[in-house]
Amino acid sequence: MDMVAAVVAGEGLGRVCALAAEAVGAPVAVVVPRLGAYVSGGLDVDVTPLRAYVEARLRGRPAPVPGSVQLEIPIESGGDTVGAALVLGAVGAEAPELMHAVSVAVLTELAMVDARLEVEENLRGSFLEQLRTGGVGASGDDVVRRAARFGCDLSRGAVALCAEPAGERVRHLVALVSDEVPEALAQLAEDGRVYGLVPPAEGDADAAASATVLARRVASRLRAHGSVGLSSFFAEPAALNRALEEAALVLDVVRLGGAPGAGDVGDGTYRLLFRVLASHPEEVRSFYEDTIAPLARYDEQYGSDLVATLAAWFEHDCSTVATAAAIFVHRHTVAYRLDRVKELSGLDPLRSEDRERLGLGLKAGRVIAPSRDG
């Protein structure tokens, strides 16, 4: 088992290919997408078509066998095919048996890689958990230094994410984050959610725009597997614990159907509200009580739609006619409901100052909805 010994000694799959080539008397290549593509040393072989062929086969797509491939041994792990060992030349009848030793060596390499990743994932998770709970330290330098150990540069800030999977494949979400943005940090927390930090791309002058674009790209992939909340961009590393808290709050709102935008805090008013909620929740709740809460209680008691009508009125540029068409009522009904809003809240939707307070109150209601219902 010289090939397995080579792997254990850290000599890599290139050395495995060289030993296999010596044993079978022909060039050998190993293609495992998770690990890369390797070929026996000293050969000028383009591995690109070999890799494309194996990846197509793994995805169940038809693909012509490259002309150089004379023997193919699937590499299987846990019932799944994860790659292939390829012989690139004529060989004898004993070659298939010899090539199975390559498969064993590759599986050993995979097991070692998985073990390293598990240790690293636990360390990453420990770091993010401590950051969430304030255990990293007040200094931004501490945050940057510890994140750098995992190849993540938080010196220019980050966007936080919080995702809640819809199925059983929770750890798959962590892998998706790393796959989309390798420099990002992600962890599975005890509450069953995945938390992460997405830094800006190296070299991008606009750190906020860069991190936001990358985070939204990650969120787009994660939404196929569950709900996602994104924070706004936090430039100060010492404030990233609040970014994680903000992302969790956004996720709560997303799950209740009151998400701003695409599940992030792109709107400036929402950004302000989420940050105030994180630090002074009583202020946001008090503002809601002074504006929208009387309408919500009236709706609940009498089965009316004052809050929904007011929200629709804002969404249609405060046009009574457009609102009436959107909610399928007469425009006089909309006008009557707006009068009831004025009576119950003491705020006149037709006055600029009062209108701003009512609009902010609606947003505050969406932000604090999880805590109201809980």
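## Helices α10 and α11

In this predicted model, helices α10 and α11 are oblique to each other, because their axes cross at roughly 60° and an angle that is neither under 35, nor over 145, nor within 65 to 115 degrees counts as oblique. The two axes come within 4 Å. Helix α10 covers residues 281-291, and helix α11 covers residues 293-302.

On the α10 side, the contact is made by Tyr-288, Glu-289 and Thr-291. Helix α11 contributes Ala-293, Pro-294, Leu-295, Ala-296 and Arg-297. By class, the residues of this contact comprise five nonpolar, one polar and two charged.

## The four-stranded sheet

Strands of a sheet pair through backbone hydrogen bonds, either parallel or antiparallel. Here four strands make an open sheet with antiparallel pairing, in the order β2-β1-β4-β3. Its edges are β2 (36-39) and β3 (71-77), each of which pairs on one side only. Neighbouring strands are turned by 15° against each other on average, direction ignored.

Strand β1 (residues 28-32) runs antiparallel to β2 and is joined to it by four bridges. One residue pair can be named across these two strands: Val-32 has Gly-36 of β2 as its bridge partner.

## Helices on the sheet

Helix α2 (residues 12-24) packs on the sheet and touches β1 and β2. The direction of α2 makes about 140° with that of β1.

Helix α3 (residues 48-58) also packs on the sheet, where it touches β1, β2, β3 and β4 (80-87). Between the directions of α3 and β4 the angle is about 150°. Strands β1 and β2 are thus touched by α2 and by α3.

Note on methods: Residues numbered from 1 in each chain as written. Predicted model: local features only at pLDDT ≥ 70, side-chain atom pairs only at ≥ 80, totals over all residues. Heavy atoms only, no water. Pairing = 2+ DSSP bridges. Axes fitted to C-alpha atoms, helices over the stretch in contact; angles between N-to-C directions. Contact = heavy atoms within 4.5 Å. Nonpolar A, V, L, I, M, F, W, Y, C, P; charged D, E, K, R; others polar.
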